[in-house]
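Grab a pencil and work through these short exercises with the model open beside you. Each one has a task and then a solution in steps.

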Amino acid sequence: MAGAGEGADDAGTRRRVLQLVASDGPVCATELAELLELTPTGVRRHLAELERDGQIAVHQVAVSGVRRGRPARRYVVTGHGQAALAQDYAALALDAVRFLHEEAGHDAVVRFAERRAAALATELAQVTSDEDDDTAARTQAVAEVLDGAGYAATVRPVPGFGAVQLCLGHCPVQDVAEQFPQLCEAETRVLAQVLGVHVQRLSSLAAGGHVCTTNVPARPVATTITEGPD
């Protein structure tokens, strides 16, 4: 967290230090100073702030043999620091989609959402092809893939209604989807395609819900084909 009265330059440098610890860690102040072309004293000040905020921690290693002097403190990023970096990436993604919308229009955003959804469909098809017509099992397989991708996905039965609900407690692209619902719409179409049923999105994080909930019928929706007159 930036201190009171801290300038934008200091905050930006501290963010760069955090990024370098994430990419190059375990890393010490001297190495960071060389990369940033700063003094080791200045870098240690930023490291102290990041450590105080819980975004980095000293890397603990076992020391064998006799060593002279105190070894340099080497740092790695903590889970809290990773979360802070993830917010940066989300902001960058939102800026990129905004730029796409401004430069190329609504249809370009739709095509982007469809391309992203197509990649997801390919991945999900690989884990659902062996589940036959067991929609609940297919939904569970989909949830496991999404959970591994950071969606905090679970499957919950709906007693008495012959359905299950696919629930996503986290959305990696929530900030973008709040302004560009095309991403959610394309994702919902992919779920219907992969599961082979007509699914219904009941709530979404992007729309202010506490969880994304998609209703999945336990059996495929029957399609009636009416033949015309001879």
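Before you start: C28 sits across from R74, a residue of β3. The model is predicted, so local features need pLDDT of at least 70 and side-chain atom pairs count only at pLDDT 80 or more, while totals for chains, interfaces and linings use all residues. Numbering runs from 1 along each chain as its sequence is written, and side-chain values use heavy atoms, with hydrogens and water left out.

**Exercise 1. Work out in what order the 3 strands of the open sheet lie, and which stand at the edges.**

Step 1. Get the terms straight: helices (H or I, at least four residues) and strands (E, at least two) are DSSP runs, numbered from the N terminus. Two strands pair if DSSP finds at least two bridges between them.

Step 2. Check β1 against β3 (residues 74–77): 2 bridges join them, and they run antiparallel.

Step 3. Now read off the order, which is β1-β3-β2, with antiparallel pairing. β1 (27–28) and β2 (56–58) each have a single partner strand, so they are the edges, and one side of each is left without a neighbour in the sheet.

**Exercise 2. Find which residues touch the most other members of the largest nonpolar core.**

Step 1. Define the core: buried Ala, Val, Leu, Ile, Met, Phe, Trp, Tyr and Cys residues joined through side-chain atoms within 4.5 Å. Buried is under 20% relative accessible area, exposed over 50%, and partly exposed in between (1.4 Å probe, protein chains only).

Step 2. The core has 32 residues, and the top spots go to L124, V142, L146, L166, L168, F180 and V190. Elements that each supply at least two of its residues include α5 (106–128), α6 (135–151) and β5 (163–168).

Step 3. Zoom in on V142. Leaving out residues up to four places away in sequence, V142 is in contact (heavy atoms within 4.5 Å) with L124, T128, L166, L191, V194 and L195.

Step 4. Don't miss the other core, which lies apart and has 17 residues, L18, V21, A33 and V43 among them.

**Exercise 3. Say how many disulfides the whole structure has, then look at C167 and C184.**

Step 1. Searching with the cut-off (a pair of cysteine sulfur atoms within 2.5 Å) turns up 0 disulfides.

Step 2. For C167, the nearest cysteine sulfur is that of C212, 9.4 Å away. C167 is buried, at 2% relative accessible area.

Step 3. For C184, the nearest is again the sulfur of C212, 5.9 Å away. C184 is buried as well, at 16%.

**Exercise 4. Is E187 buried or exposed?**

Step 1. Locate E187 in helix α8.

Step 2. Its relative accessibility is 10%, so E187 counts as buried.

Step 3. List the contacts, skipping residues up to four places away in sequence: E187 touches L120, Y151, L168 and R201.
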